[in-house]
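Open the model in your viewer and keep the selection tool at hand. The tour goes from one helix to the whole chain, and then to a single residue.

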Amino acid sequence: MLSKKQTIEALDVIAEMYPEAECELTHSNPFELVIAVLLSAQCTDALVNKVTPKLFEKYKQPEDYLAVPLEELEQDIRSIGLFRSKAKNIKKLAQSLIEDFNGEVPKDRDELVTLAGVGRKTANVVASVAFGVPAIAVDTHVERVSKRLAICRWKDNVRQVEETLMKKIPIERWSDSHHQLIFFGRYHCKAQSPQCETCPLLEMCREGQKRMKARATK
């Protein structure tokens with residue numbers, strides 16, 4: 001596994017590759033961000049961004065989502081995977097915001113995870129992006145890159161990956177590193193075809209070296 005020092009060195013390289021890395025979900029306030037992140041589960045940000053402009057034009061506050069029948073909301077997000085369960089969760093989330101939080105999205109992660117459809121990853125994204133709270137949200141990209149680079153272990157679950165990253169990365173870099181790891185995983189260290197041959201981290205990446213050896217023996 002990479003040491004704390006090596007992890008920071010790797011992140012410095014990734015930060016140089018993606019200095020502008022940020023949340024790619026289109027939103028203009030915390031409420032829109034919560035909805036967008038909820039919709040993005042098992043779905044690409046690009047697809048969510050095609051749906052949300054019209055959605056956010058129609059629904060501006062929690063009350064608006066409660067004012068329409070479930071079937072209408074389902075139709076509005078139909079092109080997104082799991083749209084039926086997501087529509088139900090959006091309605092429940094809107095109800096909770098009104099009943100428990102005066103219609104405002106809470107800043108506290110423990111309060112955020114009480115909302116329907118909001119798990120730890122979503123709560124971390126909202127806390128970090130909307131409210132500037134240091135956090136590392138572990139999505140599929142962050143998990144894949146962290147394991148391939150051996151920042152953490154292959155057998156680690158998502159929570160263990162998050163805890164390891166929090167130990168190895170200085171707190172003031174958590175939020176930036178989270179976005180940079182996502183960009184690195186989304187555009188370079190891809191799931192199906194990682195660009196190992198052009199990767200500046202190849203020398204410290206056991207997985208990359210293994211893949212390059214396998215390619216050479218084909």
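**Stop 1: helix α11**

Select residues 174-187, which form helix α11 in this predicted model. The helix has 14 residues and reaches 20 Å from its first C-alpha to its last. That span is close to the 20 Å expected at 1.5 Å a residue.

Is α11 mostly enclosed or open to the outside? Eleven of its 14 residues are buried, so α11 is largely enclosed by the rest of the structure. Buried here means under 20% relative accessible area. To see these residues, show the side chains of W174, S175, S177, H178, H179, Q180, L181, I182, F183, F184 and G185.

Next, find what surrounds them. Which helices do the buried residues of α11 pack against? Select α1 (4-17), then α8 (120-131), α9 (140-148) and α10 (158-168): the buried residues of α11 pack against these helices.

**Stop 2: the whole chain**

Now select the protein chain and colour it by secondary structure. There are twelve helices and zero strands, so the protein chain, read from the N terminus, is α at every element. The radius of gyration is 19 Å, close to the 17 Å that the globule rule gives for 218 residues, so the chain is as compact as a globular protein of that length. Turn the model along its principal axes, and the C-alpha atoms fill a box of roughly 60 × 35 × 30 Å.

Switch on contacts if your viewer offers them. Of the contacts between residues at least 6 apart in sequence, 57% join residues at least 24 apart. Of the 218 residues, 46% count as buried.

Then show the surface. The chain exposes about 11,400 Å², and carbon and sulfur atoms supply 51% of that area. Colour the side chains by charge: 33 are positive and 31 are negative. The centres of the two sets lie 9 Å apart.

**Stop 3: residue E74**

Finally, select E74, which sits in helix α5 (residues 70-76). Is E74 buried or exposed? The cut-off for buried is under 20% relative accessible area, and E74 counts as buried because its relative accessibility is 11%.

Add F83, R84 and A87 to the selection; E74 touches these residues, leaving aside any up to four places away in sequence. For a last check, ask for the distance between the C-alpha atoms of E74 and A87. They are 13 residues apart along the chain, and 5.6 Å separates their C-alpha atoms.

Methods. Residues are numbered from 1 along each chain as its sequence is written. This is a predicted model: local features need pLDDT of at least 70, side-chain atom pairs count only at pLDDT 80 or more; totals for chains, interfaces and linings use all residues. Side-chain values use heavy atoms; hydrogens and water are left out. Helices (H or I, at least four residues) and strands (E, at least two) are DSSP runs, numbered from the N terminus. The radius of gyration is taken over C-alpha atoms; the globule rule is 2.2 Å times the number of residues to the power 0.38. Buried means under 20% relative accessible area, exposed over 50%, partly exposed in between (1.4 Å probe, protein chains only). Contact means heavy atoms within 4.5 Å. Accessible areas come from the Shrake-Rupley method with a 1.4 Å probe; for residues, only the protein chains shown count as cover. Lys and Arg count as positive and Asp and Glu as negative; His and the chain ends are not counted. The place of a charge is taken as NZ of Lys, CZ of Arg, CG of Asp or CD of Glu. The expected span of a helix is 1.5 Å times one less than its number of residues.
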